[in-house]
Amino acid sequence: MSGRTHARACPERTCVGCRERAAKSDLLRIVVAGDACVPDRRGTLPGRGAYVHPAVVCLDQAVRRRAFPRALRSPGVLDTAELRRAVEAVAGAAEATP
Ligand SMILES: [Zn+2]
């Protein structure tokens, strides 16, 4: 009736790095804490969230095009050091898994 055929069980979000759509569960949620972007691994932190693949390439693209301040409606520079560490940890863990 509404014309929507996608199941609601698998919500999609757009990665702010590569701009590709992916299942929400495959992306890392990012929120603003003070003047920094922090990973929200459990998806429970309040506030506006942005989504990015847990991959360094996507994080780099997002940082280069200043996608986080735009997506998170936070003017100014956001520190992504902690976020980078988290992404590198996830990426490293994925590579180590056979
Ligand atoms: Zn991506």
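**Exercise 1: Two strands side by side**

Find which residue is the bridge partner of Val31 in E4, then describe how E3 and E4 pair.

*Solution.* Start with the bridge: Val31 has Val38 as its partner in E4. Keep in mind that you're looking at a predicted model. Next, step back to the whole strands. E3 covers residues 28–33, and its pairing with E4 is antiparallel, with 5 bridges. Another pair to look up is Arg29, which sits opposite Asp40 of E4. Finally, check the turn: the hairpin of E3 and E4 has 2 residues between the strands, and Gly34 has a positive phi there, near 70°.

**Exercise 2: Inside and outside of E4**

Work out which side chains of E4 point to the buried face.

*Solution.* First, recall the general pattern: in a regular strand, side chains alternate between the two faces of the sheet. Now walk along residues 36–40. Cys37 and Pro39 share one face and are buried. Ala36, Val38 and Asp40 point to the other face and are not buried.

**Exercise 3: Build the sheet**

Put the strands of the open sheet in order and say why one side of E4 and of E5 is left without a neighbour.

*Solution.* The sheet has 3 strands, in the order E4-E3-E5, and the pairing is antiparallel. E4 and E5 are at the edges with a single partner strand each, so one side of each has no neighbour in the sheet. Neighbouring strands are turned against each other by 40° on average, ignoring direction. Now add a helix: H3 packs on this sheet and touches E3 and E4, and its direction makes about 30° with that of E4.

**Exercise 4: Which way does H1 face?**

Which residues of H1 are buried, and why do they line one face of the helix?

*Solution.* Pick out the buried ones: Cys58, Leu59 and Ala62. Then look down the axis of H1: these buried residues fall within an arc of 100°, so they line one face. Here's the rule behind this: an α-helix has 3.6 residues a turn, so residues three or four places apart point the same way. Flip to the other side of H1 and you'll find Val57 and Arg64, both exposed. What do the buried residues pack against? E5, H2 and H3. Just after H1 comes Arg66, with a positive phi near 55°.

**Exercise 5: Into the core**

How many residues are in the largest nonpolar core, and which have the most contacts inside it?

*Solution.* The core has 19 residues, and the ones with the most contacts inside it are Val16, Ile30, Tyr51, Val52, Ala62 and Phe68. Now trace where they come from: the elements giving two or more residues to this core are E3, E5, H1, H2 and H3. Take Tyr51 as a worked case. Leaving out residues up to four places away in sequence, Tyr51 touches Arg13, Thr14, Cys15, Val16, Leu27, Leu28 and Arg29.

**Exercise 6: Arg41, buried or exposed?**

Decide whether Arg41 is buried or exposed, and place it in the chain.

*Solution.* Locate it first: Arg41 is in the loop between E4 and E5. Count next: 12 other C-beta atoms lie within 10 Å of its own. The cut-off for exposed is 12 or fewer, so Arg41 is exposed. Last, check a long-range pair: Arg41 and Ala86 are 45 residues apart along the chain, and their C-alpha atoms are separated by 9.4 Å.

How values were computed
Residues are numbered from 1 along each chain as its sequence is written. This is a predicted model: local features need pLDDT of at least 70, side-chain atom pairs count only at pLDDT 80 or more; totals for chains, interfaces and linings use all residues. A residue is buried if 20 or more other C-beta atoms lie within 10 Å of its own, exposed if 12 or fewer, and partly exposed in between; C-beta atoms are placed from the backbone. Helices (H or I, at least four residues) and strands (E, at least two) are DSSP runs, numbered from the N terminus. Two strands pair if DSSP finds at least two bridges between them. A nonpolar core is a set of buried Ala, Val, Leu, Ile, Met, Phe, Trp, Tyr and Cys residues joined through C-beta atoms within 7 Å. Two residues are in contact if their C-beta atoms, placed from the backbone, lie within 7 Å. The arc is that of the directions from the helix axis to the C-beta atoms. Axes are lines fitted to C-alpha atoms, for helices over the stretch in contact, and angles run from 0 to 180 degrees between N-to-C directions.
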